[in-house]
Amino acid sequence: MAVQPLSTIVTTSKGINHLNYRVPTKNTTLEAKHLQNQWLGTPIKYSLQSKNYKPFLTKHCPIKATLSFSLPYGKPDPAVSIEKIPKWSSKAIKSFAMGELEARKLKYPTTGTEALLMGILIEGTNFASKYLRGNGITLFKVREETIKIRGKADLFYFSPEHPPLTEDAQKALDWALDEKLKSGQNGEITTTHLLLGVWSQQGSPGYKVLATLGFNDEKAKELENVISEPGFFED
């Protein structure tokens with residue numbers, strides 16, 4: 001059989017008939033002859049019934065998801081029961097995730113206090129990030145100081161999907177949780193608690209970056225006063 005050039009097919013309703021396609025009437029069986037034409041070649045061996053056609057996803061498919069409101073806790077036993085442990089704010093959890101991602105982007109094998117700091121700034125909408133930017137501490141500057149302190153990673157090194165926390169980073173998270181418990185206030189653990197947790201780890205890369213960029217105990221005290229005010233929360 002000679003092959004007919006595709007250019008001879010007219011893209012109109014009349015031209016479609018050249019393919020020998022016949023539209024079945026309602027409740028009729030779509031047999032092989034309806035699907036046979038010079039382009040398809042061998043007839044299809046099965047038949048379809050129009051009544052068996054159903055709209056795609058006629059029913060809502062249930063979606064199950066688990067959302068964690070906790071971050072890693074390094075101590076074996078918390079000071080209070082699990083039910084009384086305060087939850088981390090969604091912005092703090094997102095900051096933590098962004099910190100992990102930034103550690104991977106920089107090809108570091110671990111997530112350190114400097115990565116937590118960058119995560120806070122990357123999230124961008126939390127109170128702590130606004131305070132840092134208001135004092136001239138930006139993501140670009142923090143990243144630049146981080147590379148000076150930790151150095152550039154091997155170009156061909158691939159970080160794990162979730163770079164493990166350094167000891168200092170874990171202590172920063174624990175400090176934030178413990179301070180929230182000590183305050184006796186209700187509410188969530190915020191990114192400001194996380195920032196102060198980073199500052200509490202003197203000698204860590206995150207602490208060194210903050211100190212280099214002008215953060216000091218006076219500013220830390222100012223933030224402590226803010227989060228100690230009744231009703232403080234991350235909007």
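**Exercise 1. Work out which elements cover the buried residues of helix 7, and how far this helix is enclosed.**

*Solution.* Start with the cover: in this predicted model, the elements packed over the buried residues of helix 7 include helix 2 (90–105), helix 3 (113–123), helix 4 (127–134), helix 6, helix 8 (205–212) and helix 9. Next, go along helix 7 itself and pick out the buried positions: Thr191, Thr192, His193, Leu194, Leu195, Leu196, Gly197, Val198 and Trp199. That makes nine of the 10 residues of helix 7, so the helix is largely enclosed by the rest of the structure.

**Exercise 2. Take Thr192 and decide: buried or exposed? Then find what it touches beyond its sequence neighbours.**

*Solution.* First, place the residue: Thr192 belongs to helix 7. Second, check its accessibility. The value for Thr192 is 0%, and the cut-off for buried is under 20%, so Thr192 counts as buried. Third, skip the neighbours within four places in sequence and list what is left: Thr192 has contacts with Phe127, Ala128, Leu223, Ile227, Phe232 and Glu234.

**Exercise 3. Sort out the ring pairs around Trp199.**

*Solution.* Begin with the tally, which is three aromatic pairs. One of them joins Trp199 and Tyr207, with 4.2 Å centre to centre and 25° between the planes; this pair is stacked. Both of these residues, Trp199 and Tyr207, are buried.

Now turn to Trp199 and Phe215. Their ring centres are 5.0 Å apart and the planes sit at 70°, so call this pair edge-to-face. Trp199 is in helix 7 while Phe215 is in the loop between helix 8 and helix 9, so the pair ties together parts 16 residues apart in sequence. Trp199 and Phe215 are both buried too. Put the pieces together and you get a cluster of Trp199, Tyr207 and Phe215, linked by ring pairs.

**Exercise 4. Describe the largest nonpolar core and say which helices feed it.**

*Solution.* Get the size first: the largest nonpolar core holds 36 residues. Then look for the residues with the most contacts inside it, which are Trp88, Leu116, Leu132, Val142, Leu195, Leu210 and Phe215. Finally, trace the core back to the helices: at least two residues each come from helix 2, helix 3, helix 4, helix 6, helix 7, helix 8 and helix 9. Two names here should ring a bell: Leu195 is among the buried residues of helix 7, and Phe215 belongs to the ring cluster.

**Exercise 5. Find the largest pocket and characterise its lining.**

*Solution.* The space in the largest pocket is about 170 Å³. Its lining consists of Trp175, Glu179, Lys180, Ser183, Gln185, His193, Leu196, Glu224, Ile227 and Ser228. Map these onto the elements, and helix 6 (167–183), helix 7 (191–200) and helix 9 (217–227) each give two or more residues. Helix 6 gives the most, with four. By type, the lining splits into three nonpolar, four polar and three charged residues. Notice Ile227, a lining residue that is also in contact with Thr192.

**Exercise 6. Step back and summarise the whole chain.**

*Solution.* Count the elements: nine helices and two strands. Read from the N terminus, their order is α-β-β-α-α-α-α-α-α-α-α. Then take burial, where 32% of the 235 residues count as buried. Last, check the range of the contacts: among those with a separation of 6 or more, 68% are between residues 24 or more positions apart.

Conventions. Residues are numbered from 1 along each chain as its sequence is written. This is a predicted model: local features need pLDDT of at least 70, side-chain atom pairs count only at pLDDT 80 or more; totals for chains, interfaces and linings use all residues. Side-chain values use heavy atoms; hydrogens and water are left out. On a 1 Å grid over the protein atoms alone, a cavity is a set of points where a 1.4 Å probe fits but cannot get out, and a pocket is an open set with protein on both sides within 12 Å along at least five of seven lines; lining residues have an atom within 4 Å of a point. Grid points are joined across faces, edges and corners, and a volume is the space filled by probe spheres set on the points. Ala, Val, Leu, Ile, Met, Phe, Trp, Tyr, Cys and Pro count as nonpolar, Asp, Glu, Lys and Arg as charged, and the others, Gly among them, as polar. Buried means under 20% relative accessible area, exposed over 50%, partly exposed in between (1.4 Å probe, protein chains only). Contact means heavy atoms within 4.5 Å. A nonpolar core is a set of buried Ala, Val, Leu, Ile, Met, Phe, Trp, Tyr and Cys residues joined through side-chain atoms within 4.5 Å. Rings of Phe, Tyr and Trp (its six-membered ring) pair if their centres lie within 6.5 Å; planes under 30 degrees apart count as stacked, over 60 as edge-to-face and the rest as tilted.
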